[in-house]
Amino acid sequence: MNVLQIAYYTVLRNIRDWKLFLLLIGAPFVFYLICANITTNVNHGINSQKFKIAYLDTDSGPIGQQFERFLQTQEILTAFDIQKADSLDAGNQMVKGGKIEALIYIKKDFSQSLKQGKKANIEIYSNKSISATRLLVEGFINTVNASSAIPKIAGDINVTEVSRGIQQIAISPTGKTFTDSDKSSFIGLLEMLSYGALLGCLTVINIIKKNTLLRFNISPINDLNYVSGQFLGNYLTLCPSSGLFIAFTYFIWGSAMQGSILIIILTFLVFTVIITALGMIVGYLTKKTGLGALISVCLNALLSGAAFVWMLGTARGFMNWLVFFSPQYYVYLIVTDTLFDGFTSRIQASLISLAMAATALTVVTLFLGRRKAI
Amino acid sequence: MLVEVRNLVKRYKDVLAVDNVSLAIEEGEILGLLGPNGAGKTTTINAMIGLTKADSGEIVIFGKNFKDHELEIKRDLGVVPQDIAIFEDLTAYENLSYFGKLYGLKGSLLKDRVEEALEFTGLLDKKKQYPKKFSNGMKRRLNIACALVHHPKLIIMDEPTVGIDPQSRSHIIQSIKKLTKMGSTIIYISHYMEEIEGICTRIVIMDHGRVIAKGTKEELKAQMTSDERVVVELSTANYTLIDNIKKLAGVKDAYVNGNELTVISQKNSKNLKGIIDQVSESSVIMSLNVEQPSLETVFLTLTGRSLRD
């Protein structure tokens, strides 16, 4: 008898235990529906409508050119929607018509006047007496002032670049993150999925308690085949539950998805291996229904809890340390980084961590199962 | 010899569970294994089916050493465990299919064997039902069917009729008798002495991990120098009889319990006529029973305790 046949009968038995199956598939499904209503969709960052401005450079000198390049920097473009006006009249018409908030006008010979040490103005035409555009221009002027001062002290500066002295750390490269309610839904769903460990635990204990293990021990079947078949059967039983989570991720948060769905599918497949193995290990070690179920539930609550407090940024002490042993933590990192075009290196590292944990736990499961069978 | 167990020893910490046991079973034989709880029967059987590793000794089944050919030997073993070992969430048919596949059966052969095993145990009409809806007797029959589905050369039955109704018990006994007629070799463990007497061609009695007697039931009974026992039912209690009865040749003891007079004599003392004459003088005999030494007596004499102790 091969592994697949044992897996088939294991799945058949699992799904016929309708109470357990309902607990593992039905309950998460209802929970997913509730979460789908709770979740407020992802946080796309602070709603920052861009200022629409235009500029007209009639100077054609070096300072005017530098100003144009300054306006095209990424940082300026995140806050301002900038266009070039064809003429002063056209620019003013745009201001009056409300198409832009302000027009920045650089007069002819602006660079020349500055070189000669004369006063030179940059004019802002706006319907408002106070405009944020002024801050933009002021930022440029300050940079120009610095650039004219630095050569005097034998320094050098390129005013078209933003200052390198300011370090910006990207928490979410695209500005999209989970809201707190999303995080709660995510960890709730992940915890429901983690309770799949109960399946592995209870099937192992049931087969020992109900004496059917004896049938396998006295039959001419390789121990490893038997344990592998049982493992595969439990794993396949939990896959629909994982599938629900993947579907939820795709349909509820998927609108924000930047990365590949395949990474998410792979993550959940590996995660399902981990929870199947964890459950079976607890089953082999406890061999008691109540104790096994209690340990499975507590273990998953602890690991999910560690991931959750880390998500909320409130992990301290033991939890801060435990989170590195939490598969749920790695799943969260992979899913959010995949959804929101996060750090590829972090996705890779997390996937490798999950794969290593899955391999180690599978080996322990097969070893324990084999030993118990003997 | 189909099975040979030589000098088997198994120790659990300080307890010597099996002490130098040797057994031999010929093909077609039904060997009854008798013994009180803790006698070492199950440990001996467990060593024979690979559930326990013996400390020393040798087990040769089908002419092959068990240690070296375990999987090969297991293919032709059928075991009916004492505790019911079936999946309650698989139908009777699926249970047999599953266990049949464990022994390498497949395709039409598997289907035929499953149907055959179900028919043999009288469960063919229940093949699509789940065992959780079965009576205890039906579960026991399915438990037996699971062991027979692959046509094993050697069948080991450990208390297959424990805790079931008389109808199911009778069905199982009839099935085992059918198996014996078909030439199966069976090792049968039971607490029911009448089952052992009715089914087995040879009996081994174990106690304290040792084989204390073996042979056919006739041989075992003949080994006993047991006393003869005559029980007379009287119309009324009569204690005056006892002194006269005790004077008869060969009588070792006599006592009255209610209306019942029991006389214990040496074997072959031929004093039955004397007892009847003595009793008839002062009482009316309602019934009279001469008890032969039974297997139970043999067991009791050898082990000093009842089988169910």
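Two strands are said to pair if DSSP finds at least two bridges between them, and the strands themselves (E, at least two residues) are, like the helices (H or I, at least four residues), DSSP runs numbered from the N terminus. The structure shown is a predicted model, in which local features need pLDDT of at least 70 and side-chain atom pairs count only at pLDDT 80 or more, while totals for chains, interfaces and linings use all residues. Residues are numbered from 1 along each chain as its sequence is written, chains are lettered from A and ligands numbered from 1 in the order in which they are written, and side-chain values use heavy atoms, with hydrogens and water left out.

## A sheet in chain B

Strands of a sheet pair through backbone hydrogen bonds, either parallel or antiparallel. In chain B, four strands form an open sheet in the order E2-E1-E4-E5, and the pairing is antiparallel. Its edge strands, each of which pairs on one side only, are strand E2 (15-25) and strand E5 (64-65) of chain B.

Strand E4 (residues 56-61) of chain B is joined to E5(B) by two bridges, and B:Val60 has B:Asn65 in E5(B) as its bridge partner. Between E1(B) and E4(B), which run antiparallel, there are five bridges, and here B:Val5 stands opposite B:Ile59 of E4(B). E1(B) and E2(B) also run antiparallel and are joined by seven bridges, with B:Lys10 standing opposite B:Val18 in E2(B). The hairpin of E1(B) and E2(B) has two residues between the strands, and in this hairpin B:Lys13 takes a positive phi near 50 degrees.

Helix H1 (residues 41-49) of chain B lies across strand E1 (3-12), E2 and E4 of chain B, and runs at about 115 degrees to E1(B); such an angle, from 0 to 180 degrees, is taken between the N-to-C directions of axes, which are lines fitted to C-alpha atoms, for helices over the stretch in contact, where contact means heavy atoms within 4.5 Å.

## Salt bridges

Side chains of opposite charge can pair when their charged atoms come close. With a salt bridge defined as a side-chain nitrogen of Lys or Arg within 4 Å of a carboxyl oxygen of Asp or Glu, a search of the whole structure finds 18 over all chains. The table gives some pairs that link distant parts of a chain.

| Salt bridge | N to O distance | Separation along the chain |
|---|---|---|
| A:Glu68 and A:Lys84 | 3.7 Å | 16 residues |
| B:Arg202 and B:Glu29 | 2.4 Å | 173 residues |
| B:Arg169 and B:Glu195 | 2.7 Å | 26 residues |

A:Glu68 belongs to helix H3 (residues 62-71) and A:Lys84 to strand E2 (residues 80-84) of chain A. B:Arg202 and B:Glu29 are both buried, a word that means under 20% relative accessible area, whereas exposed means over 50% and partly exposed lies in between (1.4 Å probe, protein chains only). B:Glu195 is also buried, with a relative accessible area of 4%, while A:Glu68 is partly exposed at 21%. In addition, a network of salt bridges links B:Glu4, B:Arg6 and B:Glu58.

## A nonpolar patch in chain A

Which residues form a nonpolar patch on the surface? They are A:Leu302, A:Phe318, A:Trp321, A:Phe324 and A:Phe325, with about 580 Å² of accessible area together. Patches are made of residues with over 30% relative accessible area and no salt bridge, like charges being joined within 9 Å and nonpolar side chains (Val, Leu, Ile, Met, Phe, Trp, Tyr) within 5 Å; accessible areas come from the Shrake-Rupley method with a 1.4 Å probe, and for residues only the protein chains shown count as cover. A:Phe324 lies in the loop between helix H14 (317-322) and helix H15 (327-339) of chain A, and A:Phe324 is partly exposed, with a relative accessible area of 48%.
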